[in-house]
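Please look through the sequence and the model shown here before reading on. The report that follows is written for a reader who is new to protein structures.

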Amino acid sequence: MNFFFEENAQERRIRIEKEKAYQAGILTEKELDENGKDSFVQGYEAAEKLAKTVQKADKKQLEKRLKVGIVLYDQEDVFIHALCEKIEMILEKTGEEKQVEVITAVEDAKGNRQEQNRQIEFLMDQECDILALNLVDTWSASKIIDRARERNIPLIFFNREPSDEDIQLWKKVYYVGTDGEEIGKLQGEILTDAFCSAKLKIDKNQDGILQYISVEGEEGHSDSVRRTAAMLKKTEEIFPSKQVESVSADWNREKAKENFMQLPKEQIESCEAVICNNDDMALGVLDALKERETEYIPAIVGVNGEQEVLEKIQQGEMLGTVSQKSQEQAKKITELIWQFWEKKMPKEEEQKIYLQGEKYQNIP
């Protein structure tokens, strides 16, 4: 920035008079130079004062700026996409209330672990104040935490849960989400309520056993395993169950539809329930059953509480789902972000913050 000292009309008149006095021999050259220097010094001091004021303003402005990096495992996941939008919306609204400029950078790994690692490194290089991470591979959490600790960048993992050991590696690491075991337990409650309902009669062959097809997000994924295991533990308190088939569909509606379309008709007709790790895949199963014009549609259960699924439940096309309360998750994530930015450290004993799921079911 350039600064210019501008003389006013009176100062200009005095300068001209002094120049005339010099020309008339009344002032010496030294006296004229000293007067000129006085004017220069005044201008320099004014410019310096203004520069310092601007520097203070710039520093103050930087102090009122929050840079957040959000890295997603796959933005095509309906639940994750909606959750991210809510996080951004709440951050922006809160920033306006606090008069803080919020800069949010969202990266989509599209299911690629190496790409996600590059994205995280890039956001660290951009000196983000905080990173919110939805990991492709939760087993990579420890290395990410080590890198963040070196740069003193707090981390908030969400939706995909790292191990307790990884979370405890550093006090500035948190997880926000639902507990996979609790979600599976609630699915089990929906199924037991339906199995015991005289009106629904989902035990079609009346053998007292629940025949089911499992649709997992990713084969061997920790969330998939925990949800399914907890669901089975809950149902087996009331009745035994038998898995007819297991399908893996990467949490994706189209893939669930495609894979379910390939199952033999007799397998589908022999099952009484389809238990899905999320709502997208549950909708894919329903799409497949409708496309195959199957007369018998087993009891379909999902997870997330997507609006389309809630409508299908009301219409009697699906049995139930467990909401993960995306709005509450987004609110808690943004609360942590502001606490870190304002140097108000959250309690270390609460480094894993679980939100309670909520059942939605079509049971008379």
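The text below goes through aromatic rings, empty spaces, cysteines and a few single residues of this model.

## Aromatic rings and charges over them

The model is a predicted one, and the description can begin with its aromatic side chains. A pair of aromatic rings is described by the distance of the centres and the angle of the planes. The structure holds four aromatic pairs, and two of them are set out in the table.

| Pair | Centre to centre | Angle between planes | Arrangement |
|---|---|---|---|
| Tyrosine 174 and phenylalanine 340 | 5.8 Å | 75° | edge-to-face |
| Tryptophan 338 and tryptophan 341 | 5.6 Å | 85° | edge-to-face |

Tyrosine 174 belongs to strand E5, residues 173-177, while phenylalanine 340 belongs to helix H13, residues 326-341, so their pair ties together parts that are 166 residues apart in sequence. Tyrosine 174 and phenylalanine 340 are both buried.

The tryptophan pair is placed otherwise along the chain, since tryptophan 338 and tryptophan 341 both lie in helix H13, three residues apart, which is about one turn of the helix. Tryptophan 338 and tryptophan 341 are both buried as well.

Tryptophan 338 also has a charged neighbour, for lysine 98 lies over the face of its ring, at 5.5 Å from the ring centre. In another such arrangement, arginine 160 lies over the face of tyrosine 73, at 3.7 Å from the ring centre.

## The pocket and the cavity

Rolling a probe the size of a water molecule over the atoms shows where empty space is left. The largest pocket has a volume of about 460 Å³. It is lined by 20 residues, and those closest to its centre are Cys128, Asp129, Asn152, Trp341 and Lys343. Helix H2 (29-63), strand E1 (65-72) and H13 are the elements that each give two or more residues to the lining of this pocket, and the largest share, three residues, comes from H13. Sorted by class, the lining of the largest pocket has nine nonpolar, two polar and nine charged residues. Helix H13 therefore appears twice in this report, as it carries phenylalanine 340 of the first pair in the table and also gives residues to the lining of the largest pocket.

How many cavities of 30 Å³ or more are there? The count comes to one cavity of 30 Å³ or more, and about 110 Å³ of space lies in the largest cavity. Its lining is made of 13 residues, of which Asp77, Asn159, Arg227, Trp251 and Gln324 lie nearest the centre of the cavity. The elements that give two or more residues to this lining are helix H3 (78-98) and helix H8 (222-235). The lining of the largest cavity divides into four nonpolar, five polar and four charged residues.

## Cysteines

A disulfide is a covalent bond between the sulfur atoms of two cysteines. The structure holds zero disulfides. Among its cysteines, cysteine 84 has 1% relative accessibility and so counts as buried, and cysteine 276, at 0% relative accessibility, counts as buried too.

## Two residues with a positive phi

Most residues other than glycine have a negative phi, and most peptide bonds are trans. Lysine 110 is not a glycine, although it has a positive phi of about 50°. Its place is in the loop between strand E2 (101-108) and helix H4 (113-125). Is lysine 110 buried or exposed? With a relative accessibility of 60%, lysine 110 counts as exposed.

Asparagine 159, another residue other than glycine, has a positive phi near 70°. This asparagine lies in the loop between strand E4 (155-158) and helix H6 (164-167). Asparagine 159 is buried, because its relative accessible area of 13% is under the 20% limit for that class. Asparagine 159 has already been named among the residues that lie nearest the centre of the largest cavity.

## Contacts between separate parts of the chain

Arginine 253 lies in helix H9, residues 253-261, and is partly exposed, with a relative accessible area of 23%. The C-alpha atoms of arginine 253 and methionine 281 are separated by 4.6 Å, while the two residues are 28 residues apart along the chain.

Glycine 320 lies in strand E10, residues 320-323, and counts as buried at 0% relative accessibility. Between the C-alpha atoms of glycine 320 and glycine 302, which are 18 residues apart along the chain, the separation is 6.5 Å.

Technical notes: Residues are numbered from 1 along each chain as its sequence is written. This is a predicted model: local features need pLDDT of at least 70, side-chain atom pairs count only at pLDDT 80 or more; totals for chains, interfaces and linings use all residues. Side-chain values use heavy atoms; hydrogens and water are left out. Rings of Phe, Tyr and Trp (its six-membered ring) pair if their centres lie within 6.5 Å; planes under 30 degrees apart count as stacked, over 60 as edge-to-face and the rest as tilted. Helices (H or I, at least four residues) and strands (E, at least two) are DSSP runs, numbered from the N terminus. Buried means under 20% relative accessible area, exposed over 50%, partly exposed in between (1.4 Å probe, protein chains only). A charge sits over a ring if NZ of Lys or CZ of Arg is within 6 Å of the ring centre and within 35 degrees of the ring normal. On a 1 Å grid over the protein atoms alone, a cavity is a set of points where a 1.4 Å probe fits but cannot get out, and a pocket is an open set with protein on both sides within 12 Å along at least five of seven lines; lining residues have an atom within 4 Å of a point. Grid points are joined across faces, edges and corners, and a volume is the space filled by probe spheres set on the points. Ala, Val, Leu, Ile, Met, Phe, Trp, Tyr, Cys and Pro count as nonpolar, Asp, Glu, Lys and Arg as charged, and the others, Gly among them, as polar. A disulfide is a pair of cysteine sulfur atoms within 2.5 Å.
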